[in-house]
Amino acid sequence: MSDCCSSTDTNGALASDASCSIEVNDVVTKEDVDPVVCPSCEQSGTSIGLITVKSMLQPNALAELDPKQEFRFCASPSCEIVYFGTKGQHFRLKNLRRAVFQKSQDEQVEVCYCFGWNRIRIKTELEEDGQSTAVSSISAHIKAGRCACEINNPQGSCCLGNVAKVVKEVRESLYG
Ligand SMILES: [Zn+2]
């Protein structure tokens, strides 16, 4: 399986789903109509692998999935839609097994889904030690080949950018 941090492109994401070779062959091509904006908030979405959509959906939503289309991830904080497809199918927050970091301000929502970092863990560490080990710890795990963002993180790609952003925000809230 490819490195999680290089799988944000569609080809890489599809290649990671190669265990289902029939579906990979049937996936629509770039020549098909390719909506790049979310049908609800009209913000552009990022390409996401089918394996991530399958991993994140609740059983009843997965049972309705039409896999013969490409999906994109909507990261808009206030938008209920998480995944939208080239053939018009879309899934909302309530259809997912996990909370979506970008769409929740809850301190318990994970930032790093693989290794269990949420806002409160980062905040507690900063309060107690004055610094955060989150980025260096996660980076070490990535380097060791342990991360599985494609099946753990709703955005289907590496969390490090989000983690660094939360560390910066929490540090500013604590120390100005
Ligand atoms: Zn949206």
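This section describes the fold, the sheet, the zinc site and the surroundings of one loop residue in a predicted model.

The chain contains eight helices and six strands, and from the N terminus on these elements follow one another in the order α-α-β-α-α-β-β-β-β-β-α-α-α-α. Of its 176 residues, 43% count as buried, while the accessible surface of the chain amounts to about 9,200 Å², with 50% of that area belonging to carbon and sulfur atoms. When contacts between residues at least 6 apart in sequence are considered, 57% of them join residues at least 24 apart.

Four of the strands are arranged as an open sheet in the order S1-S2-S3-S4, with antiparallel pairing. The edges of this sheet are formed by strand S1 (46–48) and strand S4 (90–92), each of which pairs on one side only, and neighbouring strands are turned against each other by 30° on average, direction ignored. Strands of a sheet pair through backbone hydrogen bonds, in either a parallel or an antiparallel manner. In the present sheet, strand S2 (residues 71–73) is joined to strand S3 (residues 81–85) in the antiparallel sense over three bridges, and Phe71 stands opposite Gly85 in S3.

A zinc ion is bound by four protein donors, namely the SG atoms of Cys38, Cys41, Cys74 and Cys79, which lie 2.3 to 2.4 Å from the ion. Along the chain these donors follow the spacing C-x2-C-x32-C-x4-C, and the angles among the four donor atoms, 97 to 120°, make the site tetrahedral. Two of the donor residues can be described by their accessibility: Cys38 is classed as buried because its relative accessible area is 1%, under the 20% limit, whereas Cys41, at 25% relative accessibility, counts as partly exposed.

Gln102 is located in the loop between S4 and strand S5 (110–112). Although it belongs to a loop, Gln102 has a relative accessible area of 15% and is therefore buried, the limit being 20%. With residues up to four places away in sequence not counted, Gln102 touches Phe73, Ala75, Pro77, Gln155 and Asn162; of these, Phe73 falls within strand S2 (residues 71–73). Gln102 and Ser76 are separated by 26 residues in sequence, yet their C-alpha atoms are 6.9 Å apart in space.

Definitions and conventions
Residues numbered from 1 in each chain as written. Predicted model: local features only at pLDDT ≥ 70, side-chain atom pairs only at ≥ 80, totals over all residues. Heavy atoms only, no water. Pairing = 2+ DSSP bridges. Helix = DSSP H or I, 4+ residues; strand = E, 2+ residues; numbered from the N terminus. Axes fitted to C-alpha atoms, helices over the stretch in contact; angles between N-to-C directions. Donors = N, O, S within 2.8 Å, 3.2 Å for Na, K, Ca; no water. Tetrahedral: all angles 85-135°; square planar, octahedral: opposite > 155°, others 65-115°. Buried < 20%, exposed > 50% of the residue type's maximum accessible area, 1.4 Å probe, protein only. Contact = heavy atoms within 4.5 Å. Areas by Shrake-Rupley, 256 points an atom, 1.4 Å probe, with all protein chains shown as cover.
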